[in-house]
Amino acid sequence: MTGTLTIAGLGPGDEALVTPEVTAALAAATDIIGYAPYVSRVPPRARLTLHPSDNRVELQRASEALRLAAEGRQVVVVSSGDPGVFAMASAVFEALEDAPQWHDLSIRVLPGVTAMLAAAASVGAPLGHDFCAINLSDNLKPWSLIEKRLRLAAEADFAIAMYNPRSASRPEGFSRALDILREAGCGERIVIFARAVSTSDQRIETVELRDARPEMADMRTLVIVGNSATRRVGRWVYAPRQVR
Ligand code: SAH
């Protein structure tokens, strides 16, 4: 049988947010590859090999997936949320650059509900106007670039979705990020701390930026900083569609 490589997003946690397309790919798989907590979301069954790995070995994991698919296996690489958002899809294409012999493999990327969309929906519509997404982890880029992007995003008045707010290697980074936004005059903006969205551990907190504390976020939190027009209506938070 011809091998295939599918890179699939499992959504933010709730089974109801796994797309039918991803469910079908998982049902047809012979091998599941990914970071251990994500692989563990796929129920074991006969003739399915699970390959859990550490989260620091993305390229190795991507090459292994390509090799298994080239051998004729039905391989699914799993990410949480969407696989193209700070996740495995880029790693697979990076590995493919060094492996021209695999360029004709059948590869598909299946989208998933990324954390910022689930987080936004849980409070209303804070991404209803222009926004950007920034990964606050400095594992794969210098911290100076993160600071520059935060400053410019604040200046451009984007709503800002922040992934990986508390990087394990730089726990003080998020505190610095909040300071940068305060220095940029965003103290009155609404900030949403959305933790473990769509799971039984979900916790949502909404505060003004000047009252935000670094401890409000951990690695399971998605932080959304509103734009200057973001406001509350009842218990909801939304960005108006029109900005003058
Ligand atoms: N590919 C994933 C993102 C991976 S980076 C996606 O599209 O969602 C991991 C970061 O995503 C976490 O540090 C956190 O900021 C965010 N995240 C993932 N799942 C989440 C959830 N259920 N609730 C809140 N944030 C989540």
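Here are three short exercises on the ligand site and the two domains of this model.

The model is predicted, so to speak of local features a pLDDT of at least 70 is needed, side-chain atom pairs count only at pLDDT 80 or more, and totals for chains, interfaces and linings use all residues. Residues are numbered from 1 along each chain as its sequence is written, and side-chain values use heavy atoms, with hydrogens and water left out.

**Exercise 1.** Find which residues come nearest to the ligand, and sort the shell by class.

Step one: 19 residues surround the ligand, each with a heavy atom within 4 Å of it. D82, V85, T114, M219 and T221 come nearest.

Step two: the shell holds twelve nonpolar, five polar and two charged residues. Here Asp, Glu, Lys and Arg count as charged; Ala, Val, Leu, Ile, Met, Phe, Trp, Tyr, Cys and Pro as nonpolar; and the others, Gly among them, as polar.

**Exercise 2.** Work out which atoms of S80, V197 and N164 lie close to N or O atoms of the ligand.

Step one, the backbone: an N or O atom of S80 lies 2.9 Å from a ligand nitrogen, and one of V197 lies 2.8 Å from a ligand nitrogen.

Step two, the side chain: a polar atom of N164 lies 2.9 Å from a ligand oxygen.

**Exercise 3.** Place the ligand relative to the domains.

Step one: an automatic or database domain assignment gives domain 1 (4–113) and domain 2 (116–238).

Step two: their C-alpha centres lie 28 Å apart. Eight residues of domain 1 are in contact with ten of domain 2, contact being heavy atoms within 4.5 Å.

Step three: both domains give residues to the shell, so the ligand lies between them.

Key:
Polar contact = N/O pair within 3.5 Å; in protein donor to acceptor, adjacent residues only side chain to side chain.
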